[in-house]
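User: Could you walk me through this model and explain the terms people use for it? I keep wondering how anyone decides on them.

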Amino acid sequence: MATVGDEESSLTTDEMLCSICLEQYKLPVSLPCSHSFCMTCLSTHIITSCVNCDPPLGFPCPLCRKFIPAPGKIKEHSVDQWAKLFPENKLLASITTDTNSIYCKSCQEDDQESKASSWCNDCSEVLCDDCVKCHKKVRLTRNHVVVAITECSASFHQSLSLDKCETHEGRKLELMCKEHLFPCCSACVTKEHDGCKTFCQLEDVDANIVGLHNVKNLQAKVEIMCSNLEQIITGEKNNMNCLDDASDKFTKELLEITTSIIATIKKLEEKHLDEIAKLIKESKSKLENSVQSLGQRLNYLQYWKGKLLKNVSNETVLKTNEVLSYPKMKHIYESMKNLDYSKLEISIQTEILDSVQKLTSLSCLAKTTSREHLNQFAFHLRRLDLKYADMIKISEFKIENCVLFDGEFLNHDKLLLTDRKNKRCVLCNTDGVVLQEISLPESPWGMCDHGENEVLVTLPDNKKVVVLDANSLETKQSVSVDCDCRGISTSGNTAVIDARDSVVMYDNFLDENICKTLTIITGSTDDVALGGDGNIIFSNYSENVFKTFDKSEKMLFKYSHKELNNPYGLTLDGHGNIFVNGYDSNNIHIVSNDGKTVRILKGVQSPQCIKFLHGTNRFLVGEAGGRVKVFELRNS
């Protein structure tokens, strides 16, 4: 009876448990990424992952997050059926539930108990060492794939087989239908392709059907479709950023209006209370005057009343004073009686206006709605034909009292521009509405984005590069570069800076800031671009040329044209074509990445800078005098 060590014939606890429910596997199925899960656990994950997808085409693996395409053809199976279509992990399914020890199936049939060490993929059985040796000796099984259990574990994997028919239960594909250019099994020929007449064996398919040229064309079409999808995704991500901006704007507006309302109500409250206090004061003054007047009358009567009582006696013989006091008092009484008497009573009422009462019953402060526009995106499976594409002007505006040297798209409808005259950057929309001004310590020159969240701005006067947060536009840091920095361009962590008479390259820019001054003689240059392949492109306005060098500082080509005068500002589109401004020739030259003139664009006046919106054919052109134009190239 063969035995092996426990560590060689058993699985760890983690390998015995489904990573979703953390319990022992129930009907384990395996994904193309080699991870296995309970069928019901995987099905729940798939349904949850695909709930917002139309149509659902796949899902991320719950463990490694790799994309797993849906089994079968697009829309062939419903999402709740996908988990059942992945292959069973027969190794995990064969393990006894009450122990993680695995015993050889062949030995158990002979009433022996040997710990298994290997797995036969073809037989779908576990084997001990002795049975593996026998397996290798028998002619029928000697070519079977046998692997150690510890190498299989939960990573049971069945490779994708392209020679199996997905429609007819995995029958072998043997023929190619030339009419549909589709591989067929024997059932396909009699059913789906019963009307087709031209077939050939798969091994007889020639290069005219599936050749390098066709493969490259298909690859180019797929790449363009991927690029278009990335463009849509970028646009929708920009839309999310715009929604955040709109939320911030509405929050600010609401805060301002509520603050204003509260301040106004407080002011009116103070005014109303002041009016009440003033009215009460005036009323109390009137009452005090009335009390004083009536008190005076009372005192007057009481005074003469006292005199009368003093001079009057009970004697029958009247004295002179007694005789005189009576008529005096009577005269006073009659005079006082003839005066006007009234009781002053003042009350104060206040009535809250209806418009104020309505404030307490408001159900909302603003009406909020959303508008959705689902724009159908046509996938043109060909590149933009730059030679014949229409140049559509999207917008044109002018920033007053501004000297523009460079700019970037922050998103589809927001531009960030450098204003050298006023030591600032200007954030505006594509209609020219200034949204924000960012003050800088010195006059800016060049600008480029650095990743998705940063914008670099050169300050040649103090030899620094300012790093702005692309969302808040706050200064994150200021980097000294020790050169007369003007134009700037980045690709990954590499940056190149035009220093007027030289080009400086930085590896790991902003991190280690390792500087290398290239030995390239640039002449009089104000802008530089760095291609995705590492090629360096810079303009030389004193010679009316621009040059392209590779990483080893070897010049690839020098471009000049009789219609290119004073090249001032350049950039690359998404396919590596070079766009360079002719400042004095009032045009834009489109040059291929091998130095050939593709086209000369008109419609600009003294262009100074040019930049593309990533993933699109939309670009901005900054002209002399603060003018900005936004164009888009479209196939005719």
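Analyst: Sure, let's take the terms one by one, keeping in mind that this is a predicted model.

User: Let's start with a pair of charges. What makes Lys26 and Glu23 a salt bridge?

Analyst: The cut-off is a Lys or Arg side-chain nitrogen within 4 Å of a carboxyl oxygen of Asp or Glu. Here the closest N and O atoms of Lys26 and Glu23 are 3.0 Å apart, so the pair passes the test. In total, the structure holds 19 salt bridges.

User: Why is Lys26 called partly exposed?

Analyst: Buried means under 20% relative accessible area and exposed means over 50%. Lys26 comes out at 47%, so it falls in between and counts as partly exposed. Its partner Glu23, at 43%, gets that label as well.

User: How do you know whether Arg486 is buried or exposed?

Analyst: Its relative accessible area is 12%, and that is under 20%, so Arg486 is buried. Arg486 meets Asp484 in a salt bridge, with 3.1 Å from N to O. Asp484 has 24%, so that residue is partly exposed.

User: What makes the salt bridge of Lys611 and Asp406 a link between distant parts of the chain?

Analyst: Lys611 sits in strand E32 (residues 607-612) and Asp406 in strand E12 (residues 404-411), and the two are 205 residues apart. Still, their side chains meet at 3.2 Å, N to O, and that is within 4 Å, so the name salt bridge holds. Both residues are buried.

User: What about the sheet with strands E9, E8 and E10: which of them are at the edges?

Analyst: The order is E9-E8-E10, in an open sheet with antiparallel pairing. Strand E9 (182-184) and strand E10 (199-201) each have a single partner strand, so one side of each lacks a neighbour in the sheet; that puts them at the edges. From one strand to the next, the twist averages 35 degrees.

User: How do you know that E8 and E10 really pair?

Analyst: Pairing takes at least two bridges. Strand E8 (residues 175-177) and E10 have three, in the antiparallel sense, so they qualify. Leu175 stands opposite Gln201 in E10.

User: Now the greasy bits. Which residues have the most contacts inside the largest nonpolar core?

Analyst: Among them are Leu31, Phe59 and Trp82, and the core has 20 residues. Strand E2 (36-38), helix H3 (39-49) and helix H4 (82-85) each supply at least two of its residues. H3 gives the most, with three. As background, nonpolar side chains tend to be buried together in soluble globular proteins.

User: Then what makes Ile257 fit for a patch on the surface?

Analyst: A patch residue needs over 30% relative accessible area. Ile257 has 44% and counts as partly exposed, so it clears that bar. Ile257 is found in helix H10 and belongs to a nonpolar patch that also includes Leu254, Ile261 and Ile352, with about 870 Å² of accessible area together. Helix H10 (212-311) and helix H12 (354-359) each supply at least two residues of the patch, and the largest share, four residues, comes from H10.

User: One more: why is Lys328 called partly exposed?

Analyst: Its relative accessibility is 40%, and this lies between 20% and 50%, so the label fits. Lys328 has its place in helix H11 (residues 320-337). From C-alpha to C-alpha, Lys328 and Leu308 are 8.6 Å apart in space, and they are 20 residues apart in sequence.

Terms used
Residues numbered from 1 in each chain as written. Predicted model: local features only at pLDDT ≥ 70, side-chain atom pairs only at ≥ 80, totals over all residues. Heavy atoms only, no water. Axes fitted to C-alpha atoms, helices over the stretch in contact; angles between N-to-C directions. Buried < 20%, exposed > 50% of the residue type's maximum accessible area, 1.4 Å probe, protein only. Patch = residues over 30% accessible without salt bridge, like charges linked within 9 Å, V, L, I, M, F, W, Y side chains within 5 Å. Areas by Shrake-Rupley, 256 points an atom, 1.4 Å probe, with all protein chains shown as cover. Core = buried A, V, L, I, M, F, W, Y, C linked by side-chain atoms within 4.5 Å.
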